[in-house]
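Student: I've got a model loaded and I'd like to go through what the labels really mean. Could we take them one by one?

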Amino acid sequence: MFHKILIANRGEIAVRIIRCCRELGIKTVAIYSEADRDAMHTRLADEAICVGPAPAQLSYLNIPSIMAAAEVTDADAIHPGYGFLAENAEFAEIVLESGYTWIGPTPDSMRTMGNKVTAKATMKKAGVPLVPGSEGAMNSYEEAEAAAEAAGYPVIIKAASGGGGRGMKVVHQHASLANAIMMAKSEAAAAFGDDTVYLEKFLETPRHIEVQVLGDNHGNIVHLFERECSIQRNNQKVLEEAPSPFCDDDTRAKLYQAAVAAAKAVNYQGAGTIEFLMNTDKSFYFIEMNTRIQVEHPVTEWISGVDLIEWQLRVAAGEKLDFTQKDLKMKGHAIECRLNAEDPFKFTPSPGTIELFHAPGGRSVRIDTAIYSGYTIPPYYDSMIGKIITHARGRQKCIRRMQRAMDELVISGITTNQDLHRCLLANPAFQAGEFNIHFLEEWLEQMRKSEVTAQITSDFSDGKAKKRS
Ligand code: ADP
């Protein structure tokens, strides 16, 4: 096993990795920016090294500085967490060429899966179902037109190097196609330095369901069941759960088979996620693979009993998986609510100082966070400041447990989305498991309208009351 691991990340995931290393007797090195001197990961690691000023470009994305930190601290491996450099194949190569172990898949599989066009071509060969659309990248308007006609409108233009829901444009009719391509290309060029785009049929009411996979360097690959991630806003996940309330055993068997085939097609090593969109008739299509640990990994850990971070480390150290697919049994239900420092209904970031933070506790409640009372959230990074995860034997009980945990959570001084989660957990459609990827946005829009209506009605009756008096 490793002697010392450098964690090229911050926030709750850095803390999660530090905790795992400590349990395994591995020393840790935190890197931090000038804005993160007081961050929990900086304090909890055995050593901490400042790698640059606050903007991520100058610190958490600053490869020379991170490599220098690994050298001076004599680390023997680097864990990238998620986000930042986690899916940067070039960084993984630099790490390996400099003689460190990369805690993640090979740069080759990262490259194949990192580009959605090559990923789709590889999946096609492996027999994994794909959303109908263009054969690879679109090189001309005529090609796009033909692909859109063949798939049938509405279609969606997506960036080959896309991520975080950026560079996607939905096109409802032929007349808007040219403009949408132009916009998607310029957004993709600005965000990813690559304006390659491709086209897919836009599925109107799908669910986002993904499968966790884990592979070692000895040819073993297992799946760890599915996660339901349809509760999203702006293509960003807000609440995740495992298993999906929509899947039956037959669908699960097909889904898992496709996920393992996808992972095998790139000889996948480490923890990864195969994302699918599933139609109302339970047909499903591959959309992408994430070659890293996911934010929502705790729900899988809870229903599978597997410590995913520990296995990322073990596999990177060359160990064999000490269990097979048959040993894995899905146990109970888990839900994760992402706690964001933002206005809950406008979704605008709200950094600031946390006056008081009291975490919920009790049976089967897990908190993954890096915040504490008195901590000032810097405005430079993601607004996700923690995750609350609950587990129970069944989904209803798990929801109730999460509601209880949300009621206990105290966080003052900043605005968070705690109330959004409360409303969502009490929503009858959510409770019944009846939702798709548009559910949250549609429901928020309805609430906004009814709030406006309520406001107008109350202004009106106020006015009338005043006139009368
Ligand atoms: P990113 O890597 O930017 O997150 P994904 O391909 O994973 O992009 O898609 C993110 C989200 O966008 C999906 O969860 C889904 O909500 C929506 N989406 C992507 N492709 C389609 C499609 N063909 N039809 C409908 N929605 C889609």
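Tutor: Sure, starting with a sheet: eight strands make up an open sheet in the order 13-12-9-10-11-14-19-17, with antiparallel pairing. Before we go on, this is a predicted model, where local features need pLDDT of at least 70 and side-chain atom pairs count only at pLDDT 80 or more, while totals for chains, interfaces and linings use all residues. Residues are numbered from 1 along each chain as its sequence is written, and side-chain values use heavy atoms, with hydrogens and water left out.

Student: What makes strand 13 and strand 17 the edge strands?

Tutor: Strand 13 and strand 17 (365-369) each pair on one side only. Strands are DSSP runs of E with at least two residues, helices are runs of H or I with at least four, and both are numbered from the N terminus. Two strands pair if DSSP finds at least two bridges between them. As for the twist, it averages 25° from one strand to the next; axes are lines fitted to C-alpha atoms, for helices over the stretch in contact, and angles run from 0 to 180 degrees between N-to-C directions.

Student: How do you know that strand 11 and strand 14 are paired?

Tutor: Strand 11 (residues 236-242) and strand 14 (residues 333-340) share four bridges in the antiparallel sense, and the rule asks for at least two, so they count as a pair. One example is Ala242, whose bridge partner in strand 14 is Ala334. Across strand 10 (221-233), strand 11 and strand 14 lies helix 13 (residues 418-426), at about 45° to strand 11.

Student: Which strands make up the open sheet of three, and in what order?

Tutor: The order is 7-6-8, again with antiparallel pairing. Strand 7 (169-171) and strand 8 (197-201) each have a single partner strand, so one side of each lacks a neighbour in the sheet. The twist here averages 25° from one strand to the next.

Student: What makes strand 6 and strand 7 a pair?

Tutor: Three antiparallel bridges join strand 6 (residues 155-159) to strand 7, and at least two are required, so the pair qualifies. Ile157 has Lys169 in strand 7 as its bridge partner. Helix 8 (residues 177-192) lies across strand 6, strand 7 and strand 8, at about 25° to strand 6.

Student: Why is Asn279 called buried?

Tutor: Buried means under 20% relative accessible area, exposed means over 50%, and partly exposed is in between (1.4 Å probe, protein chains only). Asn279 has 17%, so it is buried. Asn279 sits in the loop between strand 12 (270-278) and strand 13 (284-290). Leaving aside neighbours within four places in sequence, Asn279 is in contact (heavy atoms within 4.5 Å) with Leu203, Pro206, Phe246 and Tyr285.

Student: And why are Arg111 and Glu93 called partly exposed?

Tutor: Arg111 has 39% relative accessibility and Glu93 has 25%. Both values lie between the two limits, so both residues are partly exposed.

Student: What makes Arg111 and Glu93 a salt bridge?

Tutor: The term needs a side-chain nitrogen of Lys or Arg within 4 Å of a carboxyl oxygen of Asp or Glu. Arg111 and Glu93 come to 3.0 Å, N to O, so they qualify. Arg111 is in helix 5 (residues 107-114) and Glu93 in helix 4 (residues 89-97), 18 residues apart.

Student: How do you know that Asp36 and Arg10 form one too?

Tutor: Their closest N and O atoms are 2.6 Å apart, so this pair passes as well. Asp36 is in the loop between strand 2 (27-33) and helix 2 (40-44), and Arg10 in the loop between strand 1 (4-7) and helix 1 (11-24). Asp36 and Arg10 are buried.

Student: Where does Glu296 come in?

Tutor: Glu296 belongs to a salt-bridge network with Glu210, Arg227, Lys237, Glu240, Glu275 and Arg338. Glu296 and Arg338 have their closest N and O atoms 3.1 Å apart, and both are buried. The structure holds 34 salt bridges.

Student: How do you know that the chain agrees with a compact globule?

Tutor: The globule rule is 2.2 Å times the number of residues to the power 0.38, with the radius of gyration taken over C-alpha atoms. For 469 residues that comes near 23 Å, and the chain has 23 Å, so the two agree.
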